[in-house]
Amino acid sequence: MSTPQSGIPTGKEPEGGTPPAGPIRTKKSSWVMLMVLVLYGILAVLIIFNGYQEYQSLRLLEANAGAVTAPGLTLSRLVLSNGLLLVLMLVAPAILMYVLVGREKELQQMRVQHEALQSQLRYQSFHDPLTSLPNRMLLEEQLSNKIADARRSGKRFLFLLASLNDFKRINKNLGYEIGDDVLRLVAQNIVNGLRDADTVARFDGDVFAIVADINEKAEANIIARKVQSSLGRPIDVADSPLTVSAAIGAALFPDQGEDMAVLIKHADNAVTQARAAGNNNIVFSEEDASSGMERLALITGIKDAMLEGHLSMVYQPKLKLTAPDTHTFEALLRWQHPEHGLLPCDMYIPLVEQTRHIIDLTHWTVENIFSTQRDLLNQGINISIAINLSTRVLDEDGFPLWVERMISQYGLDPAQVRFEVTESAIMQDSERALQVLLQLAAIGVGLSIDDFGVGHSSLAYLSRLPVDELKVDKSFVLNMIRWESDRAIVRATINLAHDLGLSVVAEGVEDMDQAAILREMECDMLQGYYISHPLTEEQLQQWISSQAA
């Protein structure tokens, strides 16, 4: 399982090709020509023999009649009568052979062109056209073969994913042509930095995959460092040196599993951890195969959970200090797993966010909440509910239009709908997030920055966001009684938000002392167990009634 420096793998071709038919067809054509020549030869002998018989007959008749004729004259008569046919019989095979040979050359040329086209199509099907590296289809085929071989031999190997940092910014600032040049040069640097026996493939977009045989984990670390070093090598694009970096995640066979899907998932999870730890990091997955299977089961099981009614929503009140009779809630997802019981959100949401299932889950959540709001409106209860949005949803072009359509379908006031987005999610692709948030704000829904204070947003960027609410992260609220520094951060955040015209929600309020300090700081809203635990829809209605009383 090797990849030469050109990036083209050696070994057998992928299955599905057409076996060569040239030698067999050539042999058949030769037999046909031979049979035709033999047939024409037999006919020519018959004609000559027939002429000879006629000649003897004529000579015999002349002798009986007593006529004396020169033998040459009789022979000339026979040649004239049968010569044309004999000439045609002799010339026809030559003409036929000329035609057959010409046709055979054409067929041979067509076969060569057909085989070349098939070879080209096979290559294009299994290789990335930009970098000439194996594509994901060929990588998975080779990885499957690698796993089968490793199971028999008991060998270990490394599977590594390298995801380039800020590649979207390169495309945006320098253009897609420069971005393509960067990918080509980066791919070549990675290949040149590894052994000939190591496989390098383009896994997806700006993600490269490496498969390498190892004897121990220390060797895997060396290979990962080589990849990191290759990526850090300056490349020349548009007559300027450019340096890129990557988040690198790795998994080992069989340590993290003996199944291809599980191995890929472990490496992908490690990439996510590496990116969260900061740019240009290397993370080796430490999970065992069984935990990987459990995580994979959670990811694939979320779809069934939506269909089978295992998911539900609860609603945690947010108390508005300046208007206590205003009913505002945050919707929280609950998964009652048939085998594992109630699962905490942080156990499965980060996993689902790595797949397209998060889009389906978001749609299910929004429609479920809108339906609840519609039911309450029919009872004369008007409430505002906040919905948490995943980072992946901010990449969906059609999401704002879909939200607008759902609001109209359920007959809701956009002002009673709110979306919460974490600060870190916004900063992963700030320009893209800004565009989506602007489209949502244009609909008239409320927008909040959740977990504010733990991300990396700048004050300049914060002022550009079309948000009207900040939620102070609960880690600061929980410790502000004990630590003066956390209390100062909460106070500064409230003042900053007010200066920008934003309201502030303090999360994690669990006792009266915290509530009193936040009231003194003029915090707008409080949320936490001190106000209320999350409520079911039925409990929500009872809570609203108790507040009115």
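Helices (H or I, at least four residues) and strands (E, at least two) are DSSP runs, numbered from the N terminus. The model is predicted, so that local features need pLDDT of at least 70 and side-chain atom pairs count only at pLDDT 80 or more, while totals for chains, interfaces and linings use all residues. Residues are numbered from 1 along each chain as its sequence is written, and side-chain values use heavy atoms, with hydrogens and water left out.

**Exercise 1. Confidence**

State what the mean pLDDT of the protein chain is, and in which helices confidence is lowest and highest.

Solution. pLDDT is the predictor's confidence in each residue, from 0 to 100. Its mean over the protein chain is 79, and 78% of the residues reach 70 or more. Confidence is lowest in helix H14 (residues 459-462), with a mean of 62, and highest in helix H11 (residues 399-409), at 94. Over residues 1-24 pLDDT stays under 50, and for this stretch the model has 49 contacts (heavy atoms within 4.5 Å) beyond four places in sequence.

**Exercise 2. Backbone geometry in three loops**

Locate Pro254, Ser132 and Glu522, and describe the backbone at each.

Solution. Begin with Pro254, which lies in the loop between strand S6 (246-253) and helix H7 (260-276); the peptide bond that leads to Pro254 from Phe253 is cis, with omega near 5 degrees. Next, Ser132 is in the loop between helix H2 (71-126) and helix H3 (136-153), and has a positive phi of about 65 degrees although it is not a glycine. Glu522, in the loop between helix H17 (512-520) and strand S16 (525-526), has a phi near 65 degrees, again a positive value in a residue other than glycine.

For accessibility, buried means under 20% relative accessible area, exposed over 50%, and partly exposed in between (1.4 Å probe, protein chains only). Ser132, with a relative accessible area of 28%, is therefore partly exposed, and Glu522, at 57%, counts as exposed.

**Exercise 3. Two helix pairs**

Classify the packing of H5 with H6 and of H10 with H11.

Solution. Axes are lines fitted to C-alpha atoms, for helices over the stretch in contact, and angles run from 0 to 180 degrees between N-to-C directions. Angles under 35 degrees count as roughly parallel, over 145 as roughly antiparallel, 65 to 115 as roughly perpendicular and the rest as oblique.

Helix H5 (residues 176-193) packs against helix H6 (residues 217-231) at an angle of about 140 degrees, with the axes 8 Å apart. H5 is therefore oblique to H6. In this contact, Val186, Asn189, Ile190 and Gly193 of H5 meet Lys226, Ser230 and Leu231 of H6.

For helix H10 (residues 357-378) and H11, the axes come within 11 Å and cross at roughly 25 degrees. H10 is therefore roughly parallel to H11. Here Thr362, His363, Val366, Glu367 and Phe370 of H10 meet Phe399, Trp402, Val403, Met406 and Ile407 of H11.

**Exercise 4. The surroundings of Pro466**

Find where Pro466 lies and which residues it touches.

Solution. Pro466 is in the loop between H14 and strand S14 (469-472), and is partly exposed, with a relative accessible area of 22%. Leaving aside residues up to four places away in sequence, Pro466 touches Leu434, Leu437, Leu438, Ala441 and Leu447. The C-alpha atoms of Pro466 and Leu440 are separated by 9.0 Å, the two residues being 26 residues apart along the chain.
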